[in-house]
Amino acid sequence: MAVSAVRAIMLAANDDVAAVLDTTGKGGVVTVVLGSSGETVKELTAQQEIPFGHKLALHDIAEGKPVHRYGFPIGVATAAIRQGEHVHSHNMRSLLSPAAKQDLKPPVVRPAHWVRAVVRDSLAAAGASPEAAEAMADAVTEAHLRGVETHGLRRLRPYVERIRSGGVDGAARPQLGANSALLNVDGRNGIGHHVATVAAKAVSDAARRFGIAAALVRNSNHFGFAGYYATMIAAQNQLAIVTSNGQVCVAPEGATQPLLSNNPLAIAAPLREDRFLELDLATSATSRANIVEAAGAGGLLPAGWAQDAQGRPTRDPAAALAGSLLAFGGGKGFGLLVALEALTGLLCGGAFADQVSSKEAAPDAPEGTAHTMIAIDLETALGTDAYVDRLEELVRRLAALDVNPSAEPARYPGERRWKLRRERLRDGIPLADAEVADVMSLARSLGVAVD
Amino acid sequence: MLDGMWTDGLIGYQRENGRKGIRNLVAVLAAADNVNPLARQLAARNPGVVYLPASYGRGQMGRDFEVSLRAMAGLAAHPNVAGCLVISFEPESSERVADLARRLGRPVETLSFLDAGGMEECLDQGSKLLRRMCDEAARRKRVPLAVGELTVGLECGGSDTTSGLFGNPALGAFTDWLIDNGGTAVFSEPVECLGGEELLRKRAVSPQAAERLIATVHAYNDLAREHGVDLAGTNPTPDNLAGGLTSIEEKSLGALAKTGSRTIMGVIGYGEGAPAPGVWMMDAPAAAVENVTALAAGGAQLVCFVTGTGNPTGHPVSPTVKISANPRTVDRMRAHLDVDLADMLRGTMSLAAGAQVIAATVGEVINGTATAAERLDYLETNISRIGPSV
């Protein structure tokens, strides 16, 4: 065999890779030539077969580091790459590619009671009352069961830290006002999930008595996902409307700073066989969590999600984090958001708009979050069976609609969540490997035994 | 690396608006598809006259109509065109195009089916006008042409591994030299810049220009997404992956290599002329015929077109120089190529030598040598649609 070296072309002086001009085998000698000048830059040995036109690493590249070609980043190394190795889709990926998620480790599956126990025990160890710890544990578990991971285990560490720093009173007992159809609830800066659970039960009891009831909650904290409380009320054969304000993040189009949170709106009603109509939407086009995720992955945002600190539309995640989120559906969505603030922050008498404190900016200050819950008793209204029959019929007719061949059958709000819940109760909950590791290290640091 | 090129001098044709052409064409341009038969027969009856058909031209609205009119006027007023007859069914349509061409500083003639009173009359009157234009064109004096008076369109199509490694970098080296000597280069296909944002940001003349460049690129991505196509998800294609491309960034940077390394001045609209020398990005889609038409309509006297697997397209108004570094393509499609860079792959031709071959060929084409596409009459024009008809 001839020992003549294979040439590889390096296109810019700071490149990390060069393309071989002939297929080279493992151990083959490669002469790297700078394309612009033709001068030989170095000689190295191919560590594996590299086909014609493919790239080889000019030096070691650490996992997570950008890979340069033409003098600019063409992606990021997804594994440690050694000098002379083949660089391609097995160890490098685009920063724009949605394939990024495939590089993560496979999920770990845990039963629902594992999630509930780790949350409950960690909160209790951090100083929460048994009732508050149970309430948040249930809400977080339901988030995972229904596929609402953004309100799952990742919320535990911030809550534990806020309890420890005095930002949240884990032992607070929410105070209920007079026993009427209109319940004023003072959360006393307790854990939001606990305050909201107490309020949901109380408003449901009152609606059974009066036919309709509303709970106006102030001095609470972030309560997770609104659909949880709405379905909790709906399970009592009631129709529920739940909304909340929160940390400021949404601006109207063109404004240079946000004024409102992405107040969620949940509406729930019972169906048969452990199913619920569960509408649950935040009023921003996307959550802040999705932008943080995009910033980490290095990708671009879809248009219409966010604007920068100058009030201009942006698709750059970093500029979006420094700026504000946009409401979904343009002016209509923003209008709904303003109206929801009128129904919560303003009506409940607590903090409103940007007065709600930021967990990040002031971890040791009470948030002052407000929630509003309205319950309508179905037995009093139309008769529970009559109403549920009608709702079942609507759901049936939706599913029976003819759709074009490439479309999915129409779904009602909550259908996916409750189907997923049945599957996850049976098969367990898939959790990100890193999330499980983080929660376990948090629990152990609190002296909680977990496995 | 190209010092000493073109020292024998370039020659061109002086036009009324101060620009210079490298061809001396007489053209008949249809302002709408309903007079294509007339334009075709006028061209057939008058040998040497270039036929510029319309694909649409009726029922168009808004920005789509504006783009079509601007591109038609750009072709009618092109420096390579000595005289142009714009024809239409009703007089208003050709007048609209003529008016825009006159604003670009070029007189054009118009003729309408309704005014003339039918086909025979149009053929007679049109032929008379075209013959007069041909006579006038033949009397035009040739004048020296400076590098700074050139606008070159940059395009790549049918790209493969050799395009990103040799063809585009060699064209990029030529582009750098063109710009350093006061010339103008226009590239387009913003969709093929997705992932090259950092390069655009770094090379843009100002932060505002960078923002405009990147927004133009992203608009194509949004358009694709609206139609259910995820460009970052579908690129590189299976062919690209097999060829060694791993990411869309890499593919885009390979395409951008043809633009060289000099400052990018900004974005110009479809078929719009560059307002100043330097490198410009034109907002035009990537398909070769539409793309070359856009570059021609913007006044590029010629187009340099790098191809890997081979692409025969040339524009009837802007001579299109075909460049390939793929030995197999050079072997199979030599007749369609003007510049053979296959020795770059073999290692016997440097980047500088490749750029020199491009420059030498471009110089000859400027001075009259027919391109492969001109010789084979593999010429086509088609203006992009960016909206539906009503």
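Here is a short chat about the two chains, A and B, of a predicted model.

Me: Start with chain A. How many helices and strands does chain A have?
Reply: Chain A has 13 helices. Its strands number 21.

Me: And what share of chain A is buried?
Reply: Of its 451 residues, 47% count as buried.

Me: Now chain B. How many helices and strands there?
Reply: Chain B has 16 helices and 14 strands.

Me: What share of chain B is buried?
Reply: In chain B, 57% of the 390 residues are buried.

Me: Switch to contacts inside a chain. Take those in chain B between residues at least 6 apart in sequence. What share join residues at least 24 apart?
Reply: In chain B, that share is 70%.

Me: What about chain A, for contacts with a separation of 6 or more?
Reply: There, residues 24 or more positions apart account for 61%.

Me: Next, where the chains touch. How many residues does each chain give to the contact?
Reply: Chain A gives 29 residues. Chain B gives 26.

Me: Which elements of chain A give two or more residues to that side?
Reply: Three strands of chain A: strand 1 (6–10), strand 7 (72–77) and strand 9 (92–93).

Me: Which one gives the largest share?
Reply: Strand 7 of chain A, with four residues.

Me: What classes of residue are on the side of chain A that touches chain B?
Reply: That side has 14 nonpolar residues. Another 10 are polar, and five are charged.

How values were computed: Residues numbered from 1 in each chain as written. Chains lettered and ligands numbered in written order. Predicted model: local features only at pLDDT ≥ 70, side-chain atom pairs only at ≥ 80, totals over all residues. Contact = placed C-beta atoms within 7 Å. Nonpolar A, V, L, I, M, F, W, Y, C, P; charged D, E, K, R; others polar. Buried ≥ 20, exposed ≤ 12 C-beta atoms within 10 Å, placed from the backbone.
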